[in-house]
Amino acid sequence: MAEGALVGILMGSESDLPVMSKAAEVLRALGVPYEMSISSAHRLPEETARYAQEARARGLEVLIAGAGMAAHLAGVLAAHTTLPVIGVPLASGALKGMDALLSTVQMPPGIPVATVGIDGARNAAYLACAILSIKHPQYARALEDFREKMRQGLREAAERLREGEV
Ligand code: RP5
């Protein structure tokens, strides 16, 4: 694993990488150490269970799981760990992510998955950082800095619009 990783990003297939790499980009920008891998709840069930079972002992504090179609990756991880699991339903197949959204968000009571929107990999990373900030104050500062930059960017965009530059 990446040395000192606090967040584990898992996805069901290599085809999920273009979306899930956005979670990695956000974590890098916030200075959060992470690791990224591929595992599938249905194609690699034993490896997936083992990843979740060993995650806490390996030092991971939050898991992010992205999967498409009848997506059960996040739920299976949550079944095998008491770490917080954030699910990212991915748009793919005939139902374009609605199937993944409902499979991920509608967990039966007792085994929750914190679900972000379809293809919401960036928000999954921000939420992971917020969870980490409870124990690690530097990540609260990183989130505050990011939000200030976002606010500033919006003010500048509004200014350009007022000045007739766009
Ligand atoms: C899911 O099925 C994966 O998460 C992916 O989103 C979807 C399609 O997988 P591939 O057929 O592209 O490998 O398990």
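The paragraphs below lead through a predicted model, beginning with a pair of packed helices and moving on to the nonpolar cores and the salt bridges.

Two packed helices are described by the angle between their axes and the distance between the axes. Here helix H1, which covers residues 17-30, packs against helix H5, residues 121-133, at an angle of about 35°, and their axes lie 7 Å apart. The crossing of H1 and H5 is right-handed. On the H1 side the contact involves Val19, Met20, Lys22, Ala23, Val26, Leu27 and Leu30, and these meet Ala121, Arg122, Ala125, Tyr126 and Cys129 of H5. By character, the residues of this contact divide into 10 nonpolar and 2 charged, with no polar ones.

From this helix pair the reader can turn to the largest nonpolar core, which has 29 residues, and within which Val7, Ile9, Met20, Leu30, Val32, Ile64 and Val88 touch the most other members. Two or more residues of this core come from each of strand S1 (7-11), H1, strand S3 (62-68), strand S4 (85-90), H5 and helix H6 (137-162). Valine 32 shows how such contacts reach along the chain: with neighbours within four places in sequence left aside, valine 32 is in contact with Val7, Leu27, Cys129, Leu132 and Tyr139. Another core lies apart from the largest one and has 19 residues, including Ala67, Ala74, Leu83 and Ala100.

The charged side chains come next. Side chains of opposite charge can pair when their charged atoms come close. In the whole structure, a search finds 6 salt bridges. One of them joins glutamate 61 to lysine 135, with the closest N and O atoms 2.8 Å apart. Glutamate 61 lies in the loop between helix H2 (45-55) and S3, while lysine 135 lies in the loop between H5 and H6, so this pair ties together parts that are 74 residues apart in sequence. The two partners sit in contrasting surroundings, because glutamate 61, at 17% relative accessibility, counts as buried, whereas lysine 135, at 57%, counts as exposed.

Helix H6 holds a further pair, glutamate 159 and arginine 162, which are 3 residues apart, about one turn of the helix. Their side chains meet in a salt bridge of 2.9 Å, N to O; glutamate 159 is partly exposed at 35% relative accessibility, and arginine 162 is exposed at 62%.

Arginine 151 and glutamate 144 also meet through their side chains in a salt bridge (2.9 Å, N to O). Arginine 151 is partly exposed, at 35%, and glutamate 144 is likewise partly exposed, at 43%. Both belong to a network of salt bridges that links Glu144, Glu148, Arg151 and Arg155.

Note on methods. Residues numbered from 1 in each chain as written. Predicted model: local features only at pLDDT ≥ 70, side-chain atom pairs only at ≥ 80, totals over all residues. Heavy atoms only, no water. Axes fitted to C-alpha atoms, helices over the stretch in contact; angles between N-to-C directions. Helix = DSSP H or I, 4+ residues; strand = E, 2+ residues; numbered from the N terminus. Left-handed = near helix turned anticlockwise from the far one by under 90°. Contact = heavy atoms within 4.5 Å. Nonpolar A, V, L, I, M, F, W, Y, C, P; charged D, E, K, R; others polar. Core = buried A, V, L, I, M, F, W, Y, C linked by side-chain atoms within 4.5 Å. Buried < 20%, exposed > 50% of the residue type's maximum accessible area, 1.4 Å probe, protein only. Salt bridge = Lys/Arg side-chain N within 4 Å of Asp/Glu carboxyl O.
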